[in-house]
Amino acid sequence: MNRIFSGIQPTGNLHLGNYLGAIRNWVSLQGDYECIFCMVDLHAITVWQDPAELRRCTREVTAGLLAAGIDPKKNVVFNQSTVPAHAQLAWVFNCVARMGWLNRMTQFKEKAGKNKENASVGLFAYPDLMAADILAYKATHVPVGEDQKQHLELTRDIAQKFNNDYGVEFFPITEPLILGEATRVMSLRDGAKKMSKSDASDYARINMTDDADAIAQKLRKAKTDPEPLPETVDGLEGRPEAANLIGIYAALSDKTKAQVLAEVGGKPFSDFKKDLTELAVSVLTPINGEMARLMADPGSVDAVLREGAERAAAIAEPILKDVYEIVGFLKP
Ligand code: TYM
């Protein structure tokens, strides 16, 4: 059986990278797989979160998923902390994963920065919780952006080691699904930097809550180079800003980069930016409008999360019970 699990942190701004690297793919996968989508609030507090803002963001990110087209009847949509199996299985995995494995995680190094000694223990153990998210449902496929690849490799290592250590074939070896033409959307201000919610400049990203004017202004200011656009994908080599904007256009229009370049190759950036703005506004503003409508009715969002939590727990609890049995915990 194929089952998808994926998660998103309810922190800061939901942006175009989240949408193109993850959410848009989730929307297209929902017809073919059983899908579980999770707002990972336990992961969020690995760095400081203001409690009121965490609650607001959890609703807003949920609204973003729904507005983008995730159907909460067909899929399970919930927030992580409401299903205790995540934290419970994460503890078991803390005892399976090795310090050396976690020490190699580039995201920890990036997020902890120079002051590693002052990072939370949760930030270090973050990938174990992520493995628990996925394996509490025995998910077979995980659609993510490219930046999560290393964490998914660790999930596979944990599943393998658990199976080997206990002599069982219990956990699946999960496959990442890194799909589309924008698996790593870069900052609009610097083609070498990932688009991220923590970038100090709001001009670096397009937020899912940006209106048409903000989208137009940010794209107008987006960094480019002086050459016209190339006609082939090879011509994007060494032109990170051009590659990024073409990738964004391709993903938003469900085309390949080659198809897009066949249409726009030879154009100056100024013309292409107008096309891109029109496209981005046409895709993003309906989502943005629906998000605002949902945020005005938080009760409906909470109801989705509540129902999702029940359905998620019904899947995860029996799996956790089996794990406790395998590990040798005496039942009460
Ligand atoms: P998070 O919240 O940082 O991002 C959510 C999803 O968006 C993708 N993404 C991007 N894709 C392309 N370009 C970008 N610039 C960009 N920025 C973010 C991410 O790859 C991700 O798919 N650790 C995860 C959350 C998580 C999770 C899980 C994911 C927790 N448990 C289990 C999958 C399975 C994270 O921080 O994602």
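This note walks through a predicted model, point by point.

1. **Two domains.** Start with the overall layout. The domain assignment splits the chain into domain 1 (3-182 + 298-327) and domain 2 (202-293). Domain 1 is written as two stretches of sequence, 3-182 and 298-327. The C-alpha centres of the two domains lie 29 Å apart. Where they meet, domain 1 supplies 14 residues and domain 2 supplies 20 residues to the contact.

2. **The largest nonpolar core.** This core has 59 residues. The members that touch the most others are L16, Y19, L20, L65, I248, L252 and L284. Helix α12 (residues 269-295) is the biggest contributor, with 11 residues. Where does the core lie? Domain 1 and domain 2 both give residues to it, so the core lies between them. As background, nonpolar side chains in soluble globular proteins tend to be buried together.

3. **L284 and the other core.** Look at L284 next. Leaving out residues up to four places away in sequence, L284 touches L16, Y19, I206, M208 and I215. L16 and Y19 are also on the list of members with the most contacts in the core. A separate core of 48 residues lies apart from this one. Its members include V92, I134, Y137 and L154.

4. **Helix α1.** This helix covers residues 16-29. At 1.5 Å a residue, its 14 residues should span 20 Å. The end C-alpha atoms are 18 Å apart, which agrees. The helix is bent, by about 35° at A22. Is α1 enclosed or open? Of its 14 residues, 12 are buried, so α1 is largely enclosed by the rest of the structure. Among the buried ones are L16, Y19 and L20, and these three also belong to the best-connected members of the largest core. The buried set also includes G17, N18, R24 and N25.

5. **N25 in α1.** N25 sits in helix α1. Its relative accessible area is 11%, so N25 counts as buried. Apart from its neighbours within four places in sequence, N25 is in contact with L20 and L179. N25 and V144 are 119 residues apart in sequence, yet their C-alpha atoms are 8.5 Å apart in space.

6. **Helix α10.** Compare its length with what is expected. α10 has 14 residues and reaches 20 Å from first C-alpha to last, close to the expected 20 Å. The helix is mostly covered, with 11 of its 14 residues buried. Those buried residues include E241, N244, I248 and L252. What do the buried residues pack against? Their partners are α1, α9 (212-221), α11 and α12. I248 and L252 are also among the core members that touch the most others.

7. **Two positive phi angles.** After α10 comes D254, with a positive phi near 55°. D254 is not a glycine. It lies in the loop between α10 (240-253) and α11 (257-264). Is D254 buried or exposed? At 63% relative accessibility, D254 counts as exposed. K138 also has a positive phi, near 45°, and is not a glycine either. K138 lies in the loop between α7 (121-135) and β4 (141-143). With 28% relative accessibility, K138 counts as partly exposed.

8. **G265 between two helices.** G265 is in the loop between α11 and α12. At 23% relative accessibility, G265 counts as partly exposed. Along the chain, G265 and P230 are 35 residues apart, but their C-alpha atoms are separated by 4.9 Å. Leaving out residues up to four places away in sequence, G265 touches L229, P230 and E231.

9. **Cysteines.** How many disulfides does the structure hold? The count is 0. A disulfide is a covalent bond between the sulfur atoms of two cysteines. C35 is in none, and the nearest cysteine sulfur, that of C38, is 13 Å away. A disulfide needs the two sulfur atoms within 2.5 Å. C35 is buried, at 1% relative accessible area. C57 is in no disulfide either, and its nearest cysteine sulfur, again that of C38, is 15 Å away. C57 is buried too, with a relative accessible area of 2%.

Technical notes. Residues are numbered from 1 along each chain as its sequence is written. This is a predicted model: local features need pLDDT of at least 70, side-chain atom pairs count only at pLDDT 80 or more; totals for chains, interfaces and linings use all residues. Side-chain values use heavy atoms; hydrogens and water are left out. A nonpolar core is a set of buried Ala, Val, Leu, Ile, Met, Phe, Trp, Tyr and Cys residues joined through side-chain atoms within 4.5 Å. Buried means under 20% relative accessible area, exposed over 50%, partly exposed in between (1.4 Å probe, protein chains only). Helices (H or I, at least four residues) and strands (E, at least two) are DSSP runs, numbered from the N terminus. Domain bounds come from an automatic or database domain assignment. Contact means heavy atoms within 4.5 Å. The expected span of a helix is 1.5 Å times one less than its number of residues. The bend at a residue is the angle between axes fitted to the seven residues ending there and the seven starting there.
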